[in-house]
Amino acid sequence: MAVSLPSIGTRISHSGHLGTVRFVGPVEGTQGIWLGVEWDDPKRGKHSGVKDGKQYFTCLVPNSASFIRSSSTISYGVTFMAALTAKYIETPHGGSASEKVILGSSGGAIKVEAVGLDKIRGKLAQLERLREVSLDNELVSSAGPPGEIRRTCHGIRGLDLSKNLIPGWDIVAAIAVELSDLRRLSLNQNRLRLSQHMDIRAFQRLEELQLNATLTTWEEFQALLPCMPSLTSVELGYNCLRTLQQESRDDVTDRNSSNISIIKSVNLDGNELEDFADLCAALHTLPALQRLVLTSNRIAHIPGPPSDHGGVPQTDSAPARSPIQGLKHLALALNCIAFWSDIDALPGWCPHLESMTLAGNPLVDDPAHKMHARSFAISKIPTLKILDGATITLKERRDAELLYLSYISKESLSDAEKRAAHPQWDALSSKHGVVISLAQPSVQDAPDTLRNRLINVRVHTAAPGGPPPHSLPSDAVQGYLCTCGAHVALRVLSTMAVRTFRMKVMKAFKVPRDKQGAMRLWIVLPEGHFVEIDEEYAGRDLSWWGVEEGTTFLLADSVS
């Protein structure tokens with residue numbers, strides 16, 4: 001019996017591998033008809049549609065194709081209702097009220113007796129009661145007869161059709177139009193072509209859409225948006241996207257001018273995006289955007305936000321502004337960011353940013369930055385409340401900003417140079433009462449000997465009555481120190497670890513070994529702030545804390 005041939009664009013399953021037919025016809029040097037198939041898994045492919053130097057078809061992914069013969073072992077899929085019935089309706093076993101069931105996780109080694117399974121099967125068989133349905137990898141390829149889905153399971157609110165044989169959006173729409181209450185739709189790992197014959201009523205109430213690993217372009221997604229007026233969340237991860245600027249910006253604006261998107265969350269995880277400014281400009285069509293996931297891309301540079309003469313499209317009455325100014329949550333983990341100037345630019349792009357991820361970037365993984373990366377990031381983004389999943393407490397922010405100011409004070413820069421290199425310097429100085437002074441005069445270089453690198457510091461024991469205050473006016477600090485107990489002067493290297501310095505202090509004050517664990521150490525900053533050196537920072541060196549000639553410390557017993 002002759003095997004019928006599929007048309008171009010048909011989705012198939014062959015030996016467990018899914019693919020799309022890109023060519024049907026003869027191949028030079030061979031006999032008979034061949035199917036040119038682009039496989040969803042590129043590892044299954046052997047070429048890109050080229051045989052003996054002749055191009056028969058093209059592929060979305062290079063080297064993901066091969067030629068196969070049409071045969072009865074190829075599956076072209078089943079209807080939606082056939083897949084639903086096969087998965088959710090199981091024939092009652094009848095007879096005994098109990099059954100022997102093998103636990104799947106035991107590998108057949110454990111059998112248990114289950115009671116009332118027929119009752120459970122009966123409830124699952126009531127398809128009209130289904131609200132959440134997963135037909136992941138069930139070879140769904142068509143909607144079936146019109147009206148059948150609506151009559152059988154119209155109440156579905158969440159539907160997973162990932163990794164199936166659906167060829168295009170017209171089939172997705174034919175299924176969705178019969179599910180009037182559909183809110184969530186997962187189409188991951190499909191290959192969906194756009195269609196001019198899609199029922200625009202299909203996605204009117206859809207709120208969440210997943211299109212991960214579908215090779216959907218940003219242009220294709222923009223074309224779908226007018227059909228999804230209620231959409232608030234979309235995932236477009238692992239789609240090999242290198243840019244979101246695939247057509248002129250004016251075309252996008254004109255097409256969507258009458259369709260105001262309410263999308264709040266966009267996930268672009270695992271793509272190949274590099275240009276931060278370009279992708280932000282493309283997002284200007286999503287004015288309600290609050291959450292943007294750019295994890296595992298190739299972003300290495302974050303420039304300043306658009307100027308008055310560049311960036312997103314403008315009108316005479318609308319000045320330039322950041323296209324993502326409403327963003328509150330930004331995921332930048334596992335990119336290529338290596339400079340603090342890139343983080344300095346973020347408040348201009350996202351003035352209301354509340355949470356961010358940075359882990360996995362060279363900036364925070366490099367040993368030269370790792371020790372102070374979190375504190376610096378907190379200081380550079382004043383609105384930030386959560387960093388890499390950890391809440392920023394008021395104490396942590398205060399300590400981080402003071403340490404950052406201390407770091408800046410050690411740089412030999414004029415005030416103008418500080419403002420250019422550290423955009424938050426003025427605001428932090430005002431917040432913490434730091435006096436902005438003129439640049440210090442330069443001094444002659446001294447010979448680089450160990451003796452010249454030693455600095456003098458002073459350590460006081462705290463005044464009776466407990467730990468020191470959080471801060472004092474700068475002119476009151478000396479008076480407070482006069483009320484403290486004994487003090488010693490020490491000569492130390494700024495590269496000395498805090499842990500080693502602490503031991504030196506204990507020895508200087510002859511603190512018994514059994515009481516050393518209860519002692520706490522504070523650094524007195526020039527602005528009058530008293531910052532405790534927590535144990536978690538014991539591995540850092542004194543220079544990281546801004547310790548210099550004349551720095552004062554306080555030692556107190558936590559029991560007192």
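Two strands pair if DSSP finds at least two bridges between them. Helices (H or I, at least four residues) and strands (E, at least two) are DSSP runs, numbered from the N terminus. This is a predicted model, in which local features need pLDDT of at least 70, side-chain atom pairs count only at pLDDT 80 or more, and totals for chains, interfaces and linings use all residues. Residues are numbered from 1 along each chain as its sequence is written, and side-chain values use heavy atoms, with hydrogens and water left out.

**View 1. Strands β1 and β2 form a hairpin.**
The hairpin has 2 residues between its strands. Ser15, in the turn, has a positive phi of about 55 degrees. Strand β1 covers residues 11-14, and strand β2 covers residues 17-25. The two run antiparallel, joined by 4 bridges. Ser13 stands opposite Leu18 in β2. In a regular strand the side chains alternate between the two faces of the sheet. Both faces of β1 are covered. Arg11 and Ser13 are buried on one side, Ile12 and His14 on the other. Buried means under 20% relative accessible area, exposed means over 50%, and partly exposed lies in between (1.4 Å probe, protein chains only).

**View 2. Two loop residues have positive phi without being glycine.**
Asp52 lies in the loop between β4 (50-51) and β5 (54-55). Its phi is near 55 degrees. Is Asp52 buried or exposed? Asp52 is exposed, with a relative accessible area of 66%. Asn137 lies in the loop between β10 (132-134) and β11 (140-142). Phi of Asn137 is about 60 degrees. Asn137 is partly exposed, at a relative accessible area of 41%.

**View 3. Helix α4 is largely enclosed by the rest of the structure.**
The helix spans residues 169-176, and 6 of its 8 residues are buried. They are Trp169, Ile171, Val172, Ala173, Ile175 and Ala176.

**View 4. The largest nonpolar core has 91 residues.**
A nonpolar core is a set of buried Ala, Val, Leu, Ile, Met, Phe, Trp, Tyr and Cys residues joined through side-chain atoms within 4.5 Å. Which residues have the most contacts inside the largest core? They are Phe80, Trp169 and Phe203. Helix α4 gives the most to this core, with 6 residues. A second, separate core of 28 residues includes Val459, Leu490, Met506 and Phe553. Back in the largest core, Phe80 touches residues including Leu135, Val140, Ile149, Cys153 and Ile175, not counting residues up to four places away in sequence. Contact means heavy atoms within 4.5 Å.

**View 5. Met371 and Arg540 are 169 residues apart in sequence.**
In space they are 7.2 Å apart, C-alpha to C-alpha. Met371 lies in the loop between α11 (367-370) and α12. Met371 counts as partly exposed, at 38% relative accessibility. What does Met371 touch, not counting residues up to four places away in sequence? Gly539, Arg540 and Trp544.

**View 6. Helix α13 has 16 residues.**
The helix runs over residues 394-409. It reaches 23 Å from its first C-alpha to its last, close to the 22 Å expected at 1.5 Å a residue. The expected span is 1.5 Å times one less than the number of residues. Its buried residues include Arg397, Asp399, Glu401, Leu402, Tyr404 and Ile408. Among the elements that cover the buried residues are α12 (373-380), α14 (415-421), α15 (425-432) and β25.

**View 7. An open sheet of 5 strands shows mixed pairing.**
The strand order is β23-β22-β26-β24-β25. The edge strands are β23 (487-493) and β25 (530-532), each pairing on one side only. Neighbouring strands are turned by 30 degrees against each other on average, direction ignored. Strand β24 (residues 519-524) runs antiparallel to β25, and 3 bridges join them. Trp522 stands opposite Glu532 in β25. Helix α18 (residues 498-508) lies across β22 (454-461), β23, β24 and β26 (552-557). The helix runs at about 145 degrees to β23. Axes are lines fitted to C-alpha atoms, for helices over the stretch in contact, and angles run from 0 to 180 degrees between N-to-C directions.

**View 8. The chain has 18 helices and 26 strands.**
Of its 560 residues, 44% count as buried.
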